[in-house]
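Work through the exercises below with the sequence and the 3D structure at hand. Each task is followed by a worked solution.

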Amino acid sequence: RGSRQAFLDQKKTSIMHRPCSKVVLTVTILLGLSLEGTAFQLGAPSLLARPRSCRSPIPSIHAPLRRTARAGRAGAIALRSQEDGSKFDLVSGKDFDLLSLRSFRREAKLRYANLNQSEPLRIQLFGLLAFFAVFAPDISKGLETELSGAERIGSAAVALTSFLLFLRERSRRTAQLVRMDRECAISDLSVAFVDPATGSRKTFAVRELRDKLRLLVVYGDKEALRTAIPEAAAFRRRFQQSDVAFCAVASDGSKRAEWGEPNAVRGGWMWEAADAGAWKEYMDSILADKQDARAQGAWLALNKQGRSRASGAGTPRYDELLGARLPPTSEVALTDAAEGTPEDASVRAAQAAFYAALTLGSAAEMRAVWDGACENADVSEFVALGGRLDPWEKQLQEGSRPAGMEIGSRDVTILDSGKEAWSTCLEVPSGGGGQTLLASQQWIKRHGEWKLQAHRTIPFYMNSGAGAVLRCDSRGCVLGLRDLDRQGPLDLPRSDRP
């Protein structure tokens, strides 16, 4: 027995002194530590979720501003030592990630672990399999066996396949962590709002808006904001119906008075960056490799959980963004906005004339409503991408026109020039089961009369997630459809529609 034990000890010593065995042992220990960290994340409680009793749905965009922010709304949860009172923060701060070889916020890693519980283990198993398949010949020599030629080929194939799968899954994981890390970073920024009831300016961390409001941020220089904000003002009631806080961020230090906000709607609807420098640094870091986007501005939207919902360069089409990505979370009312000036009433009258021609099928009245000298760029874009333009003569035929359709929730926004205006409303099609469509019209004043330049319609009701949008000008209408990808942008017009 003593001789046998001495033989085994000698064999064990000889194996451990082989260079390949030391490498295998070292990598195994490192991956084991990584697996242990993953297991901790998988077993960690959902620190980001608060009890339901702490959540308070907000029926109005102004409601959270009339209450003092409750303690703990920032969402940073810490464990305190009972012995010395020191603070151990499991959410804020950064940790180095072995798989990605970079640091991420702890909140981002916890959020990822809660949503992807099996993926880290799968990545590490692919890595282990690739490693041991590469060193299979050396390991077999250490065990005093020899692989055959076929076994060596099989080992090489397994190593290559596992390594490619490891790289693919690791790349996907890193991309998700980068996105979540950016979402957590924006949660640390602050936004400000002037309460229309009291006139006081209140500041909130973006994190404090979670479970209360969505956030739509438009970023650009003065000229870009002068393009984005007047149109956004036309959809201010729709932002409220969708629980969206609209925030403008200037990249050049310009002020709100320089952004072209219509005088008729000043105050009570638009948020601002509380720390413009911090916001600029954050947005510029995202756009570092996107020079075109930096020149024309950019935008991003977050849902109530602080997750990215959509983003893009330039100015968003607000109605299409609301219908497809940020629909209402409750039933929308059809009550019209309060009556404004006589000029507002004249725009409403022109809007009523358009809907009368549409529902009754009068081609002559429809032609009289439109500004025939203008072809809308949004319609031309869909046509250029392969969309089919149906002329108004076809739209107004019996069986094609929306006979019996009603409209409500009408409002008007006249720009400071007095020559341009927007109107919006909710359409209720006959036989549509009560589902509503958000419609918007863009007007220009010619020879004292309001003429229609563009009309767009998109489904807009509770949790609609619209899959189609209708764009119209004086030539007719073109329908754009998107695939049922909840996170992707609106797709190109499809020629295979009915």
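The exercises cover confidence, one hairpin and one cavity in this predicted model.

**Exercise 1.** Find the mean pLDDT of the chain, and locate stretches where the pLDDT is below 50.

Solution. Start with the whole chain: its mean pLDDT is 79, and 77% of the residues reach 70 or more. Next, look for low values. Over residues 11-23 the pLDDT is below 50, and this stretch has 14 contacts in the model beyond near neighbours in sequence. Residues 484-498 also have a pLDDT below 50, with 32 contacts beyond near neighbours in sequence.

**Exercise 2.** In which sense do strands β3 and β4 pair, and over how many bridges?

Solution. Locate the strands: β3 spans residues 94-97 and β4 spans residues 102-105. Their pairing is antiparallel, over four bridges. One bridge can be checked directly, since Lys 94 has Arg 105 in β4 as its partner. Then turn to the hairpin, where four residues lie between the strands. Leu 101 takes a positive phi there, near 60 degrees.

**Exercise 3.** How many cavities of 30 Å³ or more does a search of the whole structure find, and which residues line the largest cavity?

Solution. The search finds one cavity of that volume or more. The largest cavity holds about 60 Å³ of space. Now list its lining: Ser 187, Val 206, Leu 209, Arg 210, Leu 213, Arg 214, Leu 215, Leu 302, Asn 303, Lys 304 and Gly 306. Finally, sort these residues by type: five are nonpolar, three polar and three charged. Gly counts as polar in this sorting.

Technical notes. Residues numbered from 1 in each chain as written. Predicted model: local features only at pLDDT ≥ 70, side-chain atom pairs only at ≥ 80, totals over all residues. Heavy atoms only, no water. 1 Å grid on protein atoms, 1.4 Å probe; cavity = no way out; pocket = protein on both sides within 12 Å on 5 of 7 lines; lining within 4 Å. Points joined across faces, edges and corners; volume = space filled by probe spheres on them. pLDDT = per-residue confidence, 0-100. Contact = heavy atoms within 4.5 Å. Pairing = 2+ DSSP bridges. Helix = DSSP H or I, 4+ residues; strand = E, 2+ residues; numbered from the N terminus.
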